[in-house]
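Reader: I would like a close look at a single part of this structure, the strands and the way they pair. Please start with the chain as a whole and then go through the pairing step by step.

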Amino acid sequence: GLSKVETDPTILTSSIDASYEALKTRDDSDQATIRNAVSSANLEQLGGKPLAWANAETRSQGTISNIVEMRKKDVLCRSFRTSRESFDGVSIYSGEACLGRDGAWYMRAFSQS
């Protein structure tokens with residue numbers, strides 16, 4: 001029977017690099033993709049509809065919703081919610097991207113809900 005069969009630890013069918021640096025690089029790449037989608041979205045054209053995003057580098061994807069543009073002390077910001085679907089599951093995040101003085105957008109807040 002199968003109870004006499006031992007596992008062979010030398011056989012690997014598939015593996016992923018789950019090191020901290022690899023996970024941080026993946027998360028940073030996804031955040032940049034989401035930030036770019038939020039900052040370049042034409043809110044009038046979207047009309048409140050969700051916005052899809054995908055990162056070819058990490059193979060993650062999701063949908064951005066509830067994008068709201070506001071000014072905070074003369075800084076233009078957009079708050080949003082997004083899903084992130086990846087090999088390790090589905091997560092929901094809340095975030096805020098803001099336009100810096102140098103003209104580049106940056107992620108002011110990004111956390112799992």
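Author: Of the 113 residues of the protein chain, 30% count as buried. The model is a predicted one. The accessible surface of the chain comes to about 8,000 Å², and carbon and sulfur atoms account for 49% of that surface. Among contacts with a separation of 6 or more, 34% are between residues 24 or more positions apart.

Now the elements. The protein chain has 2 helices and 5 strands, and along the sequence they follow the pattern α-α-β-β-β-β-β. The part to look at runs from β2 to β5, and it can be followed one pair at a time.

Begin with β2, which covers residues 60-72. Strand β2 pairs with β3 in the antiparallel sense, over 8 bridges. To place one position in this pair, find V68, which stands opposite S79 in β3. The two strands form a hairpin with 2 residues between them. In that turn, K73 has a positive phi of about 50°.

Next comes β3, residues 75-86. On the other side of the hairpin just described, β3 is also joined to β4, residues 89-99. These two strands run antiparallel, and 10 bridges join them. Again 2 residues make the link, in a hairpin from β3 to β4. Two positions help in tracing this pair. S79 has E96 as its bridge partner in β4, while F80 stands opposite G95 in β4. S79 is worth marking on the model: V68 stands opposite S79, and the bridge partner of S79 in β4 is E96. Starting from V68, then, a reader can step to S79 in β3 and from S79 go on to E96 in β4.

The last step goes from β4 to β5, which covers residues 105-112. Strands β4 and β5 pair in the antiparallel sense over 7 bridges. L99 has W105 as its bridge partner in β5. The hairpin of β4 and β5 has 5 residues between the strands, and among them G103 takes a positive phi near 90°.

To put the part together: β2 pairs with β3, β3 is joined to β4, and β4 pairs with β5.

Key: Residues are numbered from 1 along each chain as its sequence is written. This is a predicted model: local features need pLDDT of at least 70, side-chain atom pairs count only at pLDDT 80 or more; totals for chains, interfaces and linings use all residues. Side-chain values use heavy atoms; hydrogens and water are left out. Two strands pair if DSSP finds at least two bridges between them. Helices (H or I, at least four residues) and strands (E, at least two) are DSSP runs, numbered from the N terminus. Buried means under 20% relative accessible area, exposed over 50%, partly exposed in between (1.4 Å probe, protein chains only). Contact means heavy atoms within 4.5 Å. Accessible areas come from the Shrake-Rupley method with a 1.4 Å probe; for residues, only the protein chains shown count as cover.
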